[in-house]
Amino acid sequence: MDGACDNLSLEASLAELEGIVRGLEEGDLTLEESLKAFERGVSLVKRCNALLDGAEQRIEILTGALPEDLVR
C-alpha cells in the first residue's frame, strides 16, 4: 500500500481504492493498518479527482474549439 499514486491511471486508482474499502469493511485490520489504509485511500481519491478534473478541462477545450452547431 505504500508509494505515491501520482503515476496511477484512473482505473488503477479506483481498483486499489475498492480494495482498500473492502479491507476496511471486513474489519480485520488493526487500528494502525486501518489508518494507513484510510490515508492511502484519501491520496487515491485526490488522484482520481485530479484525473477527472484534467479530463473535464480537455473536454471543455475540445468542445470550445468546435463550431456551435456541432456541440449541440
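# A three-helix chain and its contacts

Let's start with how this chain touches itself: of the contacts in the protein chain with a separation of 6 or more, 72% are between residues 24 or more positions apart. Contact here means heavy atoms within 4.5 Å. What you're looking at is a predicted model, where local features need pLDDT of at least 70 and side-chain atom pairs count only at pLDDT 80 or more, while totals for chains, interfaces and linings use all residues. Residues are numbered from 1 along each chain as its sequence is written, and side-chain values use heavy atoms, with hydrogens and water left out.

## The overall layout

The protein chain has three helices and zero strands, and reading along the sequence gives the pattern α-α-α. Helices (H or I, at least four residues) and strands (E, at least two) are DSSP runs, numbered from the N terminus.

How many of the residues are tucked away? Of the 72 residues of the protein chain, 15% count as buried. Buried means under 20% relative accessible area, exposed means over 50%, and partly exposed is in between (1.4 Å probe, protein chains only). As for the outside, the protein chain exposes about 5700 Å², and carbon and sulfur atoms supply 56% of that. Those areas come from the Shrake-Rupley method with a 1.4 Å probe, and for residues only the protein chains shown count as cover.

## Helix α2 and what it packs on

Helix α2 covers residues 31–64. Its 34 residues should span 50 Å at 1.5 Å a residue, and its end C-alpha atoms are 49 Å apart, so the two values agree. The expected span is 1.5 Å times one less than the number of residues in the helix.

Which residues of α2 are buried? They are A37, R40, G41, L44, R47 and C48, and the buried residues of α2 pack against α1.

## The nonpolar core

The largest nonpolar core has five residues: C5, L17, I20, A37 and L44. The elements that give two or more residues to this core are α1 and α2. A nonpolar core is a set of buried Ala, Val, Leu, Ile, Met, Phe, Trp, Tyr and Cys residues joined through side-chain atoms within 4.5 Å. In soluble globular proteins, nonpolar side chains tend to be buried together.

Take C5, which sits in the segment before α1. With a relative accessible area of 6%, C5 counts as buried. Setting aside neighbours within four places in sequence, C5 is in contact with R40, S43, L44 and R47. L17, with the same kind of neighbours left out (within four places in sequence), is in contact with G41, L44 and V45.

Here are some pairs that sit apart along the chain, with their C-alpha distances.

| Pair | Apart in sequence | C-alpha to C-alpha |
|---|---|---|
| C5 and V45 | 40 residues | 9.9 Å |
| L14 and C48 | 34 residues | 7.4 Å |
| E16 and R40 | 24 residues | 9.3 Å |

L14 from the table belongs to helix α1, and its relative accessible area of 38% makes L14 partly exposed.

## One salt bridge

A search of the whole structure finds one salt bridge, meaning a side-chain nitrogen of Lys or Arg within 4 Å of a carboxyl oxygen of Asp or Glu. Which side chains form it? Those of E16 and R40 meet at 2.7 Å, N to O. The pair links distant parts of the chain, with E16 in helix α1 (residues 10–26) and R40 in helix α2. Side chains of opposite charge can pair when their charged atoms come close.

Are the two partners buried or exposed? E16 is partly exposed, at 23% relative accessible area, whereas R40 counts as buried at 9%.

## A nonpolar patch outside

On the surface, L24, L29, F38 and V42 form a nonpolar patch with about 320 Å² of accessible area together. Patches are made of residues with over 30% relative accessible area and no salt bridge; like charges are joined within 9 Å, and nonpolar side chains (Val, Leu, Ile, Met, Phe, Trp, Tyr) within 5 Å. One of the patch members, F38, lies in helix α2 and counts as exposed because its relative accessibility is 55%.
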